[in-house]
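Trainee: Please take a close look at the aromatic pairs for me. I would like one connected account, with the surroundings added afterwards.

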Amino acid sequence: MATNPNNTLISVRDLEKHFGKGGDIKALNGVSVDIYEGDVTVVIGPSGSGKSTLLRSLNLLEEPTSGSIVFEGVDIAKKKDASGKPLNLDEHRQKMGMVFQHFNLFPHLSVVENMTLAPIKVKKTNKEAAEKMALTLLDRVGLADRGASYPSQLSGGQKQRVAIVRALMMEPDVMLFDEPTSALDPEMVGEVLEVMKELALGGMTMVVVTHEMGFAREVGSRVIFMDEGKIVEDGTPQAIFDNPQHPRLKDFLGKVLI
Amino acid sequence: MLTGKGFESAFRYIELFWKGTATTVALSALTVFFGFVLALFLSVLRLSKNKPLKWLAIGYVELFRATPMVVQVFFIYYVVFAGVKVLPGFKFLGFIAFDRFFPAVVALALNSAAYLSEIIRSGIQSIDIGQTEAARSMGLSSRQTMQYVVLPQAIKNILPAIGNEFVTIIKESAICYTIGVQDIMSAVNSVKGATFRIGEPLIIATVLYFCLTYPTSKLIAHFERKMSHGDQSK
């Protein structure tokens, strides 16, 4: 799981995101970073540091004010592709799975329907094949018997595991996690992190915004520390946790690692 | 004063009431259908990022909600369809004069679309943005997201309000007797002219309208319960 600069999957350059009247709040203030294939890149930082905004910009749930995001050779931050045609963002989003803090399962659909909606409607996979795949994935996360359940019948940890396999149904090239355990009761955090760890061991490229420092240290191949819309420090988990350089990182770690 | 004799003479025209009821049902059902389709379209325009389209939808809704229904019905019948002049005069179902019925459906549908679209808009806006984000993150287009994720949930939430609007349409359709549609209210008017009695035919009309609206609201409530599975947590 070593960082390999030869396999850049996402290349972010000079990304800015301004909010508020006259754009005076800079959620992202010139972020440049490369995400490498097979890496588990963990983004940490205090709240309001821009880490979620960065993650949500990667699949353009947030539209950046300026800068570029090159994903698999295409600058998706531009509205047009290389030949000048309007960019079909949906095609690129299919290859980036996303898992949200609040799960965002569809309450009106069963677990299997949640998982097969996008494959059937977007990829035009036939229903039987999609359902078979869904059941295989559910089995992998220990939820083989919950396929017919509705989200409201699941615990938080189960919901998040379903959300993870729902994103995997599209066979994405990268998985984005936006504080996946922050809304969970403490006793359910472990089961979700376990699924994420297995995914990482399977070689999935992952970008994870989290407050779980244990996960960052154990599973992360690289840790990025953000503060005030900028990347302040970027290195291996060992370097970040055992030998922090920047005073703001030291201060942050002092507060979260007791 | 209501008298047995009065009812007796009113009942001699019961045929008019049956036909009137069929007309009221046909008028309301078609209004609900066309009104709902137009309302879906309006609510999507209302929420679109395209400013002119958005303002068009807002203008439409405000205009129709701010003017009396009778003005709208007269305007559609006497002004808009006066230009058409040659609406086919055939009788729909054998007794519904199409050249009066059709403008009535148009007027009622245009009016109820304005109200329904506001209900649908509020329903769409009540769905957490996370639902849209999750759908879009998987590659669903904005249209697919609306169709498969947002609208099914929104409609479930607004079903009681939609049911109310359907019941309202049945009641308000009574205004169409003023342009000569032979609905339940028109039967009252005819019987009044023939028997010089108003109370008895009005009682009959009241019973008929109630028999239409009450089961409708019960039916909607039934669907509401049926659709509420899988959402116990909210």
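Mentor: The aromatic rings come first, then a cavity and a contact between chains. Keep in mind that this is a predicted model.

Over all chains, the structure holds seven aromatic pairs. One of them joins F33(B) and F34(B). Their ring centres lie 5.2 Å apart, with 75° between the planes, an edge-to-face arrangement. F34(B) is partly exposed, at 43% relative accessible area.

F81(B) and F102(B) form another edge-to-face pair. Here the distance is 5.6 Å centre to centre, and the planes make an angle of 80°. This pair links distant parts of the chain, 21 residues apart. F81(B) sits in the loop between α4 (69-80) and β1 (91-92) of chain B, while F102(B) belongs to helix α5 (residues 98-125) of chain B. F81(B) counts as buried because its relative accessible area, 14%, is under the 20% cut-off. F102(B) has 31% and is partly exposed.

Chain B also has an aromatic cluster, formed by F74(B), Y77(B) and Y78(B). In chain A, a charge meets a ring: R166(A) lies over the face of F106(A), 4.5 Å from the ring centre.

Now the cavity. The whole structure has one cavity of 30 Å³ or more, with about 40 Å³ of space. Its lining includes V33(A), L54(A) and I224(A). β2 (25-36), β3 (40-44) and α1 (51-58) of chain A each give two or more residues to that lining. Seven lining residues are nonpolar, one is polar and none is charged.

Last, the contact between chains. D90(A), in helix α2 (residues 89-93) of chain A, is buried at 14% relative accessible area. D90(A) touches R136(B), G139(B), L140(B) and S141(B).

Methods:
Residues are numbered from 1 along each chain as its sequence is written. Chains are lettered from A and ligands numbered from 1 in the order in which they are written. This is a predicted model: local features need pLDDT of at least 70, side-chain atom pairs count only at pLDDT 80 or more; totals for chains, interfaces and linings use all residues. Side-chain values use heavy atoms; hydrogens and water are left out. Helices (H or I, at least four residues) and strands (E, at least two) are DSSP runs, numbered from the N terminus. Buried means under 20% relative accessible area, exposed over 50%, partly exposed in between (1.4 Å probe, protein chains only). Contact means heavy atoms within 4.5 Å. On a 1 Å grid over the protein atoms alone, a cavity is a set of points where a 1.4 Å probe fits but cannot get out, and a pocket is an open set with protein on both sides within 12 Å along at least five of seven lines; lining residues have an atom within 4 Å of a point. Grid points are joined across faces, edges and corners, and a volume is the space filled by probe spheres set on the points. Ala, Val, Leu, Ile, Met, Phe, Trp, Tyr, Cys and Pro count as nonpolar, Asp, Glu, Lys and Arg as charged, and the others, Gly among them, as polar. Rings of Phe, Tyr and Trp (its six-membered ring) pair if their centres lie within 6.5 Å; planes under 30 degrees apart count as stacked, over 60 as edge-to-face and the rest as tilted. A charge sits over a ring if NZ of Lys or CZ of Arg is within 6 Å of the ring centre and within 35 degrees of the ring normal. Lists of a residue's contacts leave out its neighbours within four places in sequence.
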